[in-house]
Amino acid sequence: MTFSTRPRIDEDKVLQALRTVMDPERHRDIVSLGMVSGLAVRDNNVQLAIEVAPERGTAAEPIRAAAEAAVRRLKGIVSVTAVLTAQKKPTVTAAPPGPTARVPRPGLPTVSAIIAVASGKGGVGKSTTAVNLALGLRANGRTVGLLDADIYGPSAPKLLGITGKPTTNDGKTLEPKEAYSLKVMSMGFLVPEDTPMIWRGPMVQSALQQMLREVNWGVLDVLVVDMPPGTGDAQLTLAQQVPLAGAVIVSTPQDLALLDARKGLNMFRKVDVPVLGIVENMSTYICPNCGHRADIFGHGGARREAEQLGMEFLGGVPLDLEIRVTSDAGTPIVATQPDGPHAKLYRYVAERVWDQVRPDAPQTARRPPPRIVVVN
Ligand code: ADP
């Protein structure tokens, strides 16, 4: 029997490879120029960021591509993701020792907590949940922003009935749009709906950084980030680069069973972002005519599954025609039916999220790590 022994890749090997990549403008390699601002190597998976002056923007894309190619040539490499970043912060030539050295995540000075709403795959109601959760937080008295980072299919403009482009007062920062007392920014405002969204990794990165940092969010208790669906490299990098206080995972009962939610959980663990809990969407069906409840996808398992995964179960939102109709009409249910049962439910979920991220939240409010269950 033969065992494949992959050569182990460490930071030194990666840096050595990166020393072969030149910055054509400054005629030196990117490591000695201090452009490598973060490096994470784990099980032969490599992530790094390359700092460039903001004015160079995507013109620096060839450097990024060359860096990825150089690392990809290392023997035993499993994956490599290099992103361009234009943050003005002190650079380091290499990350401190340790397997989880990460790209630093500077916060937003006027925003108390940034939370992500994520899902293992598309179509589970992530955006609907993000919008109604944001409105639930608002209804509970918080000041709230919504950043629609679902760059592949931005839905905030439609869900909140917002049209038009954002304006700028100083020529540098964009003013967020406002709807139902939420401050909102979405790639959908900036790009016409019929434009094909062929965003490549670094462009997604810089678009998100811009929407995060070059928007006049003002003072917010919470900024809710509607993440792109899935748990691939692009999502991982986003999760890593946004200074997140925590993440809410949206899942349907089937996805819980099919492990999609677990992928979401694992993604945030990798980047040390606390998972605040799981919202089970479309958990039961309530007949619009007779009010009868039917557990189409099997109800009740989610709480158990969540507990097993060490995740808080934040609540189950029924599959209800009213939620779909109000979403599609740009009149979200929490704002337009504030005394209805759905608004109550989303406000309840919102309060449980807020309890974990509020500035005075005790650390113990965070979920303990999941129990390890040994199956014989
Ligand atoms: P995602 O962001 O995960 O792709 P969306 O929020 O866009 O999902 O939802 C997909 C579709 O499902 C939309 O038409 C939305 O109105 C509908 N939907 C989401 N949640 C519910 C729900 N609880 N009940 C009924 N329809 C829902």
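This text walks through a predicted model, from its ligand to its nonpolar cores and then to one buried charged residue.

Start at the ligand. A shell of 17 residues surrounds it. The closest are G123, K126, S127, T128 and P318. Sorted by class, the shell holds 6 nonpolar, 7 polar and 4 charged residues.

Several elements build this shell. Helix α3, spanning 126–139, supplies at least two of its residues. So do strand β12 (275–286), strand β14 (313–319) and helix α11 (321–328). The largest share comes from α11, which gives 4 residues.

Now look at the backbone around the ligand. A polar backbone atom of G123 lies 2.9 Å from an oxygen atom of the ligand. G125 also places a polar backbone atom 2.9 Å from a ligand oxygen. For S127, the distance from a polar backbone atom to an oxygen atom of the ligand is 2.8 Å. On its own, the ligand has 560 Å² of accessible area, and the protein covers 81% of that.

Next, turn to the protein interior. In soluble globular proteins, nonpolar side chains tend to be buried together. Here the largest nonpolar core has 79 residues. Within this core, V224 and F268 have the most contacts. Helix α13, residues 341–357, gives the most to the core, with 8 residues.

Take F268 as a way into that core. Leaving aside residues up to four places away in sequence, F268 touches A116, A118, M227, A239, L244, A247, I249, V273 and V275. Trace these contacts on the model, and the surroundings of F268 come into view.

There is also a second core, separate from the first. It has 27 residues, and V14, A17, V46 and A70 are among them.

One more residue deserves a stop: E68. Find it in helix α2, which runs over residues 61–72. Is E68 buried or exposed? E68 counts as buried because its relative accessibility is 12%, and the cut-off for buried is under 20%.

What does the side chain of E68 make a polar contact with? The partner is the side chain of R64, at 2.9 Å. E68 has other neighbours too. Not counting residues up to four places away in sequence, E68 touches V80, T81 and A82.

Notes:
Residues numbered from 1 in each chain as written. Predicted model: local features only at pLDDT ≥ 70, side-chain atom pairs only at ≥ 80, totals over all residues. Heavy atoms only, no water. Near = heavy atom within 4 Å. Polar contact = N/O pair within 3.5 Å; in protein donor to acceptor, adjacent residues only side chain to side chain. Areas by Shrake-Rupley, 256 points an atom, 1.4 Å probe, with all protein chains shown as cover. Nonpolar A, V, L, I, M, F, W, Y, C, P; charged D, E, K, R; others polar. Core = buried A, V, L, I, M, F, W, Y, C linked by side-chain atoms within 4.5 Å. Buried < 20%, exposed > 50% of the residue type's maximum accessible area, 1.4 Å probe, protein only. Contact = heavy atoms within 4.5 Å.
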